[in-house]
Structures are given as structure tokens and as C-alpha cells.
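Trainee: Got a minute to go through a model with me? I'd like to look at a few local spots.
Mentor: Sure, put it up.
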Amino acid sequence: MKKNFCSLGHIQLAFGFTLLAFGVVIGQVREISGTVTENNLPVQGVSVFQQGSDAVALTGASGKYVVRVSGENPVLIFRHPEYGERRMSVGVGTVLNVSLSSAEKTTATSVGEVVLNAGYYKVKDRESTGSIAKVSAKDISNQPVGNVLSAVQGRMAGVSITQGGGIPGGGFDIQIRGRNSLRTTANSEIDGNQPLYVIDGVPVGGDMKSEFSTLVIPLRSINPLNSINPNDIESIEILKDADATAIYGSRGANGVILVTTKSGKSGKTELSLNTNYGLSRAMIGLKMMDTRQYIGMRRQAYASDGITSYPASAYDINGKWSLDRYTNWPEKLIGNVAASSSVQLSLKGGSETTSFLLSLGRNEQATVFAKDFSYTSHTVSGNISHRSEDRKLQMMLSNQFSLQKSNVLNEDSTQKSLVLAPNAPELYKPDGSLNWENNTFTNPVAVYNSTYTNENMQFLSNLNAQYELLPHTFIKLNGGINYTAFEEWSLRPNTIYNPAFVTGQSSFYSSASKSNNNRFSYIVEPQLEWNFKRTRHELTALLGASIQMEENARESMRGSGFESNAFLHNIGAAQTKTIADQITTQYRYAAVFGRFNYQYKNRYILNITGRRDGSSRFGENRKVASFGAVGGAWLFSKESFFKSRSWLSFGKLRGSYGITGSDNIGDYQYLDNYLVSEYIYNSVTGLVPSRLYNPEYSWEKTRKLETALEMGFFKDRVNLNASWYRNISSNQLVGYQLPSITGFTSVLANMDAVVENKGWEFELSARPFSGKSLKWSSGFNISFPKNTLLSFPGLEGSPYENKLVVGMPVSVVRLFELEGIDPKTGLYRFKDVNGDGKITAPEDNKVMENIGVRYFGGWSNTLQYRNWDLSVLFQFVKQRNLNYNSSMPLPGGMFNQPVEVLDVWSPDHPSGYYMPYSTGTVGNQNTAQDNFRNSTASVSDASFIRLKNIQLTYTLPLQSRVVKNVKIYVQGQNLLTWTKYFGMDPEFTAGGFLPPLRTFSFGTQINF
């Protein structure tokens, strides 16, 4: 491994010094200064830079700037968000003053003025050779969400984001151009499809896995972006294709999410106060039977089973419970209003050379459950930047500190609210105590006496420094640390049980569980960058190295049998204590990377990136691998034969190809692993082997190919982007089947399984109106992904045989084919594929159903009329997914059902969809219902169109020296959903949990 690193390092260093020597002979460098004004008043925040250079000067409160230029006939570009672009030739002088006019404000920012963050470098959107999606602060800020991912749903092509549920502080499922890996949380400890998260240049790792939240947080996932206040974010960029991700090498296969937080600006000190108050309710998509319908179903079930005397346990119909009582349990248990509030105070300002920002935020969200459960987030964000007067040295230090506290019930009540009989008794007695209705009622709110709490503290710090060593030659350093401390408690006191039974009478039956997971990492990345420009040629070279270390320490313990519930937080007081393994793992990573970018005539662009990675996560023979990409672009609108076409303002054809990898597989997976045995022999605790050694354990690799066309029409009033991509993922890490005599059913190894993700992405933006008083901008995006398992040698006989099908998507499920209801038996009838007279798997579940997404996208509109601003976002998804039939209990049992179940088969109603009601105590109804849940009836159309966000803002016309401006806004999130889906909500990662919430909010933004 040393030889590989060393040899590559020598080559790259030699190349770097060659470029350095060549850079010394560059022509004369001089300083240009001036002032930017409008109506003789200074304009702050204007970006000034030489055409073809990345060195940017920013005008301060005085409107002055100083910038270095080189070469013959240099051209300076002046840009400001509220004005059009101005290009001016410098000539032979050293002073260039610019006067902007108010008329220029009517020209909106074009796509070429957008600067994209590509991680190790920045690139103008017009000159980008890769696929990078960007959402800026104006689309993120002030939304009533706790995680920025909720705010960007539907805004980016090729990026599918699904919220885990309606309980705050949970996770998200993110797919950037599909699933590349066969490893998911269902078959592996770690989801192999997670993207890389980078906040201000510091990788923060993937989701934090909770150990004791199985019944309340879908997939036990805690997303790392929960720790960042959305109002502190300047932009979020997502790198998708090989050209954009290959520079991240082994961590870029599933895409890269770059989060840039806000920084200070030169000028007068500004104080800003943002407040928001919201009310939320769950989006309940099922209508359940009322008491009359439910009692009719129950009575018919006993009649169908030939039972004339109701058993003593049938409290709902034998007279123990009132037959006239009705409670809408979904409304009662999860239909409450949850209040939320957020406050943010920020201070920013600075001089010509130094700027700062300090932000304090607090966000509190209640839940829709009846008790006062809540999620609270505290954030502190600080940023300071400095540049020397000669502009050779630039430094920026940013810090993020956050503390999230979640206190929710131990079990999600959503599923209970759906199946509870509508004539079930009152929850509480008149004295306020829990009602057990003479031991006939399992009270669903008894679980409120149990709690699940977690506390997540994160500190992230980043230092970015740059020094101009020689003209056009810069040395850079990016470094950072990330520390996360996660602690959770699950408390289940005996008071969750009926006190009439022994389990509810004593704290001996109480239990408590606790786990801690601490993560610390640091990264150091020295870099050398060289820029060269002469006449028609522009060249940029970047050489860097990356050293990262991450240490994870986790422990957990459980206790049961307490003398008193007051001791539940002291597991040492438990009579029975179980201490799980105390595990500390280390991940070490090193890499060298480079980028070479060449432009000719500002219209032909070549971009080459490469990286050689070494990771401690792989076998002794496979620790090092190389990744790279080449991208190109042709700005054909700059050709002479297109310049005469006034309707075409911009045109670019680009493409890329490269290889990226994935080491998101966990630590020590290639080594022999052992677990501490639960059994003790002769006072000796033994070890149990849990994983086999595999020195050939290696990287998963993804080959990415993309081509795209980007066009602007009518002075960029209309912009159209179309992309086609094809990703081929191979070397899949899956379980290789072993003979049982080895003691293991499989060993994790690289297989020749190949997964393909390909598709089309389209983006259309327009500015139909761009006047002084009325402005309208609109954006539309749509993506058509397609996932296919191309090959899997040895699939037959492997653990994946009944889960994957070659030629089909990896999200395919095998189902029985429902043919209707047999009039002779009254039971569901399924296709008997092998003709043996029995319905069994895998012999008869031969119907392949793809439960993935067909296409998805969003449509956004922004209207500005004088002091009014209106923004609207629609999100849409075309998909098929599991519906309520996949988890439906037997109709006729002591479980409430959706009103759709009233469509029951009978001789008088032969078109009925559901088989005759039954209590399940006689016949084969339970078997038929089990097969029904795994049949074609369990999958249906889950497409939806959702009014994701709407916001109306009014800016008060103030003339005050103290208060600069005041904005008042009202906003709605998840307001309306149009769908035919049979279930609670078509957007979910796991069934049975609280769906996303519908929120109305009111807020103010005051700037001093």
C-alpha cells in the first residue's frame, strides 16, 4: 500500500511543481480598484472578478473593491443578485468605477451567474461539466420544518426524498438516482445506499442508529441534518454524476450532499430576529367503520362461522361494552393539534477584511399524541472570516453546536388507533385514572406512562485557509472535527399494565434500557491549486490529500425488577441487569486527489478528476483503489453561427464518465468477529464466532455515464435542462452461501451481481413576468428513474433467491396472484402455479411487482407584487407500493376496519372484494388472510400530488433608522394531497407509523 501511495504521490508532486514553474512566467500582475454606485450611493455585496479567474472581491459598505488582474486586455465582471451582469474592459488604467442603474434591477439573475459548490472547488453553473443540483437559502428559510431535507423535497431532479414519519427527529430515505447497492437495512446492519454528508467541508457520517426506538421511529434512523437549523443554511448542493462525485472517490457512489452554512458579510452590523409559530395535525388517510358498521361486521362474522352464542371475551358485542358508544379513535389518539415554535437571533457584520456571523436558535415541536411529548432543538452557529489587506491570505472558521432532546411515547399509537373497536370504553375514569373497564379493555393510552427519550449533542468545527504563494498559485488547508454524543433511554414502568394483574401491581415488572453512542472524527486536507489564463486558454490544476479518522464507541444496558419506579434511571438498582458488548471501532481513511480543468475560448471545457483511496474497512489485499472521471462541455451558443440567433441566449452540451466507489459497509467486516456469549460455564464467559475472515473483501464500484443538454432562450427568460444517465454498480457485497457444516450460512463477499440505474431528468424554469412591480418565476422538474438487476451469478440457492429477480428492479416483491373468491368455500382463491392443490411459497408466489417509483418531480412558482411575495410548491410522485391490505387483520375479528371492507362477498353480492367476515376460530380463514396479505391485493397505485408548501409574505414599508425591514408571513406545509392510495399516506418508509403532518404557521422576520 505504501508503494502505491508513494509512487502516485511522486508523480503528482512532480506534475504540480512543473505547473508551478510554468506559472512563474505568467505576465504582469496589477491591482485594479474602484467604487460601485447607484445614484451616487455605494452598492454593497457586488462580486468583482476577472473573467476566467476564481479570485473574487466583494464590495463593502463603501462600495469599494480591489482586485488583481493579469494578462492582456483583462475583463472585469461585476455581479449582484439584484442587478444584471456587467462586463467592463480594464484597459491600461488602475481605477475602474462602475455606476449601476435601477433599470438593471429588472433583469433577473441568469443561470450563468449561479456559482455551484462542488466540494473541493467552486464552478459557475454555465461552465460546469457535472450534474449538481442546488437549492438556496431563499427556498429553505422560514419553513416550519426541523430538517432541511423536508424543505427540499420536490425541488431537485433525480433526488428522491421520503420522510420517515410524523414524529420529529427521525430519519429520511434519500435516493440519488436510485439504489446502487443490494445492501439495505432489511438484509444488512448498514444501508449501502446512503449518500455522503458534508457540512462546511467536514464529513459527518451517515444516520445514527437508535437501539431502543423500534416501535416509535421508523427504521430507528436519526438523520445527521437534524442538528442543523434550516435557517442557518446558505445552500445545499447534491452531486450526482461521475464528474461531480469522482473527486470523493470511494464515498461518492451514492451521491454527495454538501451543506454550506451562512457566513458574515462586510458592512454595517445587522441584527435579525426570526420567529415562527405553527399548528400541525396528522394526515389521516383512512376512514374507519363507525359503531353501526363495525357491530354489523362482527355479528355477521359469528353468523358466518355458525356461532350463535357470543363468547365471554367478545366484549364489544356481548353486552360488556355499550353498543351505542362511538369514538373516532384515529382522531382521538393521533388527531390532536401539535404546536411548534421557533426563534432565531443572528448578528452579522464586519469590515473590509474581516466579517462575522453569530446565530442562536431554538425549535420546539409537540406531538399529536395526547400527552405532552415534545422535541426540542437548540443551535449555536458561528462564523468568522478574514483576509489580509493584500488579499493573499484568506481564512474562515465556522462552528456549529446543537443539542436535540426528544421525549416521546415508547410505542407509536397509530396502528392501535386504526384497529381499536369504535365502541371501546372511555380512556379515563371520572377521577382521571386509567380505565380498564373491569379488566375487559387494554387501554391504549397506558403506554403514555412509558417514555422513549434521546439526547443528541453535536459539535462541528471547520477551518478553511488559503494563501497565494505565487501569482495564480494557492496553497489551501481544509480541516475539521465532528463530535456527536447520542444517549437514549427506554423506560417501561409497571404502570403500563393493568393493575388487576400481577404485572401491573409491582415495580418488579418495570424495565429500563439505556444506550450511548459517541462518534468523533477529524479530517485534514492540504491542497495546492494553480490557475493559468492567457488569451484563449484557461487552465486550473488542483492537487490534494485527505486524512480522516473516525472513532465510534457504543454501549448499552438493560435492567428489570426495581424496588421502585423512582429508580428507573439507575439501572444499577435493577435486580436483573444485562450489559451488552462495550464496543469501540476505528475507521481510518487516506487519499490523494486531483483535478485538471481546461477551457478553450470559454466554450470548450475539459474536466478530469481522480482519487486514490485507502480504507481500513477492507481486506488486507484490497485496501487501496483508484477512482476517477472525465467530463466535457461545449458551449455551442458562443459559436459564431449561433450568435445571430437572438432567441438562443445559452446552449451547452455536456457529458461525463467515471468510476466511484462505496466503503459504507461498517468496520471490521472482513475480519473474524466474535460476540460475548450469553451463557456462562464454570464461571467463564465464552465467545461465539459471528463473522468469517475474508482478505479479498473489497470496494463496491459504480460506473457512471451521463450526457446532458442545457439551453436558455430569450435572454434566459426560459431555461431547459435535459439529462440522461446510466449507472452500473458491480462488485456487490452480499452474503455468499456456505455449507452448514462450516457453522455459518454465508460469508460476506464481493459477488458479480450487477445493478443498473438509468433514467431521464428534465428541468424547466421560466420568468413569464419580470417587471418593476410584478415578477413571476416558475420552475418544473421531473425524473424518470429505472432500476434493474442485470445479473447475479449464483442467485439460485442463495439467501436472495426469493427476494431478487434478474431483469427486474431490486425493489421487486413476489406475490400470490389473487383470482377472486371461491363461491364454494367463501375463501380467497389464488393461482396454484405448480398445480399441487396447495398455495405455498416459493412455489406459487410468482407474480413480480415493482413497488418502486416510476417518475417524480415538483413544480414551484414565485410571484412578487410590490411588497407581496407568494411562493407555491407542488410535489408529485408516480409509484406503486404496499397498501393497507398488506397488514390488514382478519375482517370480522375484534379489530376495526376501513370502510372499504364493507365491500364483502356474499351470494347476493358476488362482486364483493373481501371474503365473508370470520372470527378466525373455525375453518381456514386465517391461512387465506395470510396469503391475501402477500398477494397482488397488497400492492396498488400509491401515486400522489401534494401541495407541499405555500407561503405568503408581506414586507412592511418602513422608513426607520433602527428597523431596516419587517416581513410577516403565513405558511402551510403538506396542505393538500390528491391520491387514490389505500392507506394512511402514500409517503412512508415503514408502515404502521405516524404519517407526515399538515402544518399551518405564522412568522415574522425583523432586521435591525
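Mentor: We'll go through some strand pairings, a few unusual backbone spots and one serine. Keep in mind that this is a predicted model.

Trainee: Strands first. How do E24 and E25 pair, and over how many bridges?
Mentor: They are antiparallel, with 16 bridges. E24 covers residues 393-408 and E25 covers 451-470.

Trainee: Which residue in E25 stands opposite Met-396?
Mentor: Asn-464.

Trainee: And how many bridges join E25 to E26?
Mentor: There are 19, and these two strands also run antiparallel. E26 spans residues 473-492. One of the bridge pairs is Leu-463 with Gly-479 in E26.

Trainee: What links E25 and E26?
Mentor: A hairpin, with two residues between the strands. His-472 sits in that turn and has a positive phi of about 70 degrees.

Trainee: Why would I take note of a positive phi?
Mentor: Because most residues other than glycine have a negative one.

Trainee: Which other residue has a positive phi, say in the loop before E25?
Mentor: Glu-437, at about 45 degrees, and it is not a glycine. The loop holding Glu-437 runs between helix H7 (414-419) and E25.

Trainee: Is Glu-437 buried or exposed?
Mentor: In between. Its relative accessible area is 25%, so Glu-437 counts as partly exposed.

Trainee: What about Asn-602?
Mentor: Asn-602 also has a positive phi, near 55 degrees. Look for Asn-602 in the loop between strand E30 (583-600) and strand E31 (604-615).

Trainee: Why is Asn-602 called buried?
Mentor: Because its relative accessible area is 13%, and the cut-off for buried is under 20%.

Trainee: New topic. Where is the cis peptide bond at Pro-842?
Mentor: It joins Ala-841 and Pro-842, with omega about 10 degrees. Pro-842 lies in the loop between strand E44 (828-830) and strand E45 (847-850).

Trainee: Last one, Ser-943. Where is it?
Mentor: In the loop between strand E48 (939-941) and strand E49 (944-956). Ser-943 has 12% relative accessibility, so it counts as buried.

Trainee: What does its side chain make a polar contact with?
Mentor: The side chain of Asp-941, at 2.6 Å.

Trainee: And which residues does Ser-943 touch, leaving out those up to four places away in sequence?
Mentor: Val-877, Lys-878 and Gln-879 are among them. Ser-943 also touches Trp-978, Thr-979 and Lys-980.

Note on methods:
Residues numbered from 1 in each chain as written. Predicted model: local features only at pLDDT ≥ 70, side-chain atom pairs only at ≥ 80, totals over all residues. Heavy atoms only, no water. Helix = DSSP H or I, 4+ residues; strand = E, 2+ residues; numbered from the N terminus. Buried < 20%, exposed > 50% of the residue type's maximum accessible area, 1.4 Å probe, protein only. Polar contact = N/O pair within 3.5 Å; in protein donor to acceptor, adjacent residues only side chain to side chain. Contact = heavy atoms within 4.5 Å. Pairing = 2+ DSSP bridges.
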